[in-house]
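Please open the model in your viewer and keep the selection tool at hand. This tour goes from one stop to the next, saying what to select and what is there.

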Amino acid sequence: MKILKLEKSDLDKWLAEWMKSSPVYAPVQSGFGSFYDWARLEQGRMPELLPGVPKSSIKTFLFPQPETLEEFSADPADPSAFILKAPKTAEQLTIIAGVRPCDARSVSLNALPYAKDPYYSNRLRNTALVGFTCETQCSTCFCTRTGGLPTGTEGLDIAITRMDNTFLAEILTQKGELLAEAGRTGTDAGGDALSRLEQSRKNSGSPVSSADDPAPILREKDLMALYQAPFWQEIAEPCLNCGACTFLCPTCYCFDIQDEVIRDRGRRIRYWDSCMFPLFTLHASGHNPRGLKLQRVRNRFMHKLKYFPERFGPISCVGCGRCIRECPVNIDIREVYTDLLAI
Amino acid sequence: MSDTNSTITLEIRARAGELLASGEVKAFLGFAEGSIPMATRPFIARTPEQAEKLVWNSFCVINPAGFLPEVLKSVEPSRGPKDPPPEGPLPRVGVVATGCWSRNMVVQMKENQVSRDRLVILGIGSRGMVSNKKVQAMVGGRDITAIEEGEHSLTVHCDGEKTEIHRWDVIRDNCRTCTHPDPVIFDYQIGDSAGERHIEDRYVQVDKIEAMSAAQRWQWFQNEISKCIRCYACRNACPLCYCPTCFVDDSRPQWVGKSTDPVDTSIFHILRAYHCAGRCTDCGACESVCPMGIRLRILTKKLEKDVLEMYGSEAGLDLEAPLPLATYTMNDPQQFIIKG
């Protein structure tokens, strides 16, 4: 793996070069920092990184809301009416910069259930993730309790770490190499760069191993014991059953599909769905297997912390803390971890 | 915690504990401490011991009236759909109520969602609740690790530094222009009365938008809702939204598209606001819970202003008065039907 040394001006040059051929997105601030979210960069609009994660998760790019899967004509006079056709999409690279390690990890986690999903795979292939490792852990951050690290590089093509007044860029993939070349600046950081990077991380007191990963423990727990645990009622009681947690969560990937017809054009879209909504599981018969709030809240956590690890290995949570930050009634997934691990 | 808040907290705990111990109520609906700064959690105490977890501070932004139908149902003896209602009075529920929340309860009573005789209301004169988004903006979006509340100030801990801010500078917009901070119905008074307030610029946010051209207004609206992720936190936090199936969830027929297409999002927000006309008490829950910081309540505030100007009615002030949009008089204004 190659490590490049960059000055602040080199980083700006990288972004400026990339913008010439690809759309580049990064977190920016507005409303005096009270609103911090992704925006497309232009010359003169550069990333404004704050500690922690932007408002919306990175899934907005890889699992857009909504995504057009097919298009069709709805004109009865058209001989090809109602025959589905793949929409025309340009094979263009999208670059997402300023990605935090938790968000980057969510991209790899979602790729597990979406392994055979052509839409997700296609977007993944055409997206490059340029990360910034974390120097600060916010009060709602808990990546180290999910198997991740503030300095983790999983899912990233390039990982940038600030060291003293310069930056070290770890070029992690082939896509990353192409980007570094396209950036046309930066010097080789030398053979000992990786060990210096590791040493500086150790010195900064940042965690270096994810010792608290609950996945192995939760995989071994008896499913029914967790399902029937007494605490679900108390956790679910204040829930409003809104979709704020699921829609902001980087690892919630459920969707629904609909055909939308406007005049003589139609499209088949997939759009985000949320297990918090009663409609999510409503059967055509009128029966709803998760008709109660308690059942829906329990499902959200059981899916992330028990069903997903049983099927794929890791838990489906990266510890970004968005659900904790934005839950209107302060349901805190860290407390659910503690409760489940105590069973 | 400020003296006022700690006095109110202790009074709520004592009264709720007594009500639960004597069996006068089966559950008590209030707030508990949250796990992060500037958060509280709606909390239902069912035993006198649990009442000790109740708190009162400037971050109680959820309207507890929204939970009442569900909590009332939860304390009823369970029965099948075809079983007759049990004999005798049903168990009661205790709840905290400020001015706007109590007015919502009045609206719920008039709309037959809750019944007065099943509630024991602890009335609290509201000093206004704080907007966490405004506090966040005061510290430039940095991570807030702790917050201490004084009588008229907040001390915000951020990056190891302390910032002192005036409470009134970060009060929610709806609380700043509130004219009825005292509860209109209650069984026990907690703390002191807040007194009636006269606000000169009650509709200042609405006036600004009314002064715009139609095109500018549309632009403002489109810009505001462009952030919407259709999570429906606003709808679900609203005590006025209790339809068994919301029009946005209906699929036969489907009134509105499901994704974040601007047309669909516009329809959702316009209809949501209109459904609240003449019923909304500007409690601000919708705006407080919005994860994307959309200033939703300016829409409902406009309708509040219209209903007040056209029909001279304010929601939930009087248990006996008819609902303004469910009644008519011969001299109702009708400019919106007949031109000229």
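Select V130(A) to begin, and you will find that V130(A) stands opposite I158(A) in β7(A), where a strand is a DSSP run of E with at least two residues and a helix a DSSP run of H or I with at least four, both numbered from the N terminus. This is a predicted model, in which local features need a pLDDT of at least 70 and side-chain atom pairs count only at pLDDT 80 or more, while totals for chains, interfaces and linings use all residues. Residues are numbered from 1 along each chain as its sequence is written, chains are lettered from A and ligands numbered from 1 in the order in which they are written, and side-chain values use heavy atoms, with hydrogens and water left out.

**Stop one: around β6 of chain A**

Now widen the selection to β6(A) and strand β7 (residues 158–163) of chain A, which pair in the parallel sense over three bridges; two strands count as paired if DSSP finds at least two bridges between them. Next add strand β5 (residues 94–99) of chain A, which pairs with β6(A), also in the parallel sense, over five bridges, and look for I96(A), whose bridge partner in β6(A) is L129(A).

Is strand β6 (residues 127–132) of chain A mostly covered or mostly uncovered? Strand β6(A) is mostly covered, with six of its six residues buried, where buried means under 20% relative accessible area, exposed over 50%, and partly exposed in between (1.4 Å probe, protein chains only). Turn the strand to inspect both faces, and you will see T127(A), L129(A) and G131(A) on one side, with A128(A), V130(A) and F132(A) on the other, all of them buried.

**Stop two: helix α3 of chain A**

Select helix α3 (residues 101–110) of chain A, where nine of the 10 residues are buried, so the helix is largely enclosed by the rest of the structure. Among its buried residues are P101(A), D103(A), R105(A) and N110(A).

**Stop three: the nonpolar cores**

A nonpolar core is a set of buried Ala, Val, Leu, Ile, Met, Phe, Trp, Tyr and Cys residues joined through side-chain atoms within 4.5 Å. The largest one has 132 residues, and those with the most contacts inside it are W232(A), I12(B), F28(B), W56(B), W101(B), M105(B) and V135(B). Centre the view on W232(A), which, leaving aside its neighbours within four places in sequence, is in contact (heavy atoms within 4.5 Å) with L226(A), Y227(A), L294(A), R298(A), F301(A), M302(A), V336(A) and L340(A). A second, separate core of 24 residues includes M19(A), A39(A), I95(A) and F132(A).

**Stop four: a sheet in chain B**

Move to chain B and select its open sheet of five strands, which has the order β2-β1-β3-β4-β8 with mixed pairing. The edge strands are β2 (40–45) and β8 (188–190) of chain B, each pairing on one side only, and the twist averages 30 degrees from one strand to the next.

Within this sheet, strand β3 (residues 93–97) of chain B and strand β4 (residues 119–124) of chain B run parallel and are joined by five bridges, and the bridge partner of V95(B) in β4(B) is I121(B). Then add helix α1 (residues 3–22) of chain B, which lies across β1 (27–33), β2, β3, β4 and β8 of chain B and runs at about 150 degrees to β8(B); such axes are lines fitted to C-alpha atoms, for helices over the stretch in contact, and the angles run from 0 to 180 degrees between N-to-C directions.

**Stop five: M138 of chain B**

Select M138(B), which is placed in helix α4 (residues 132–138) of chain B and counts as partly exposed because its relative accessibility is 39%. Leaving aside neighbours within four places in sequence, M138(B) is in contact with I165(B), D169(B) and V170(B). M138(B) and D169(B) are 31 residues apart in sequence and 9.5 Å apart in space, C-alpha to C-alpha.

**Last stop: the whole view**

Zoom out to see chain A, which has 13 helices and 11 strands, and chain B, which has 11 helices and eight strands. Buried residues make up 53% of the 343 residues in chain A, and 52% of the 340 residues of chain B count as buried. For the complex, the predictor gives an ipTM of 0.94 and a pTM of 0.94.
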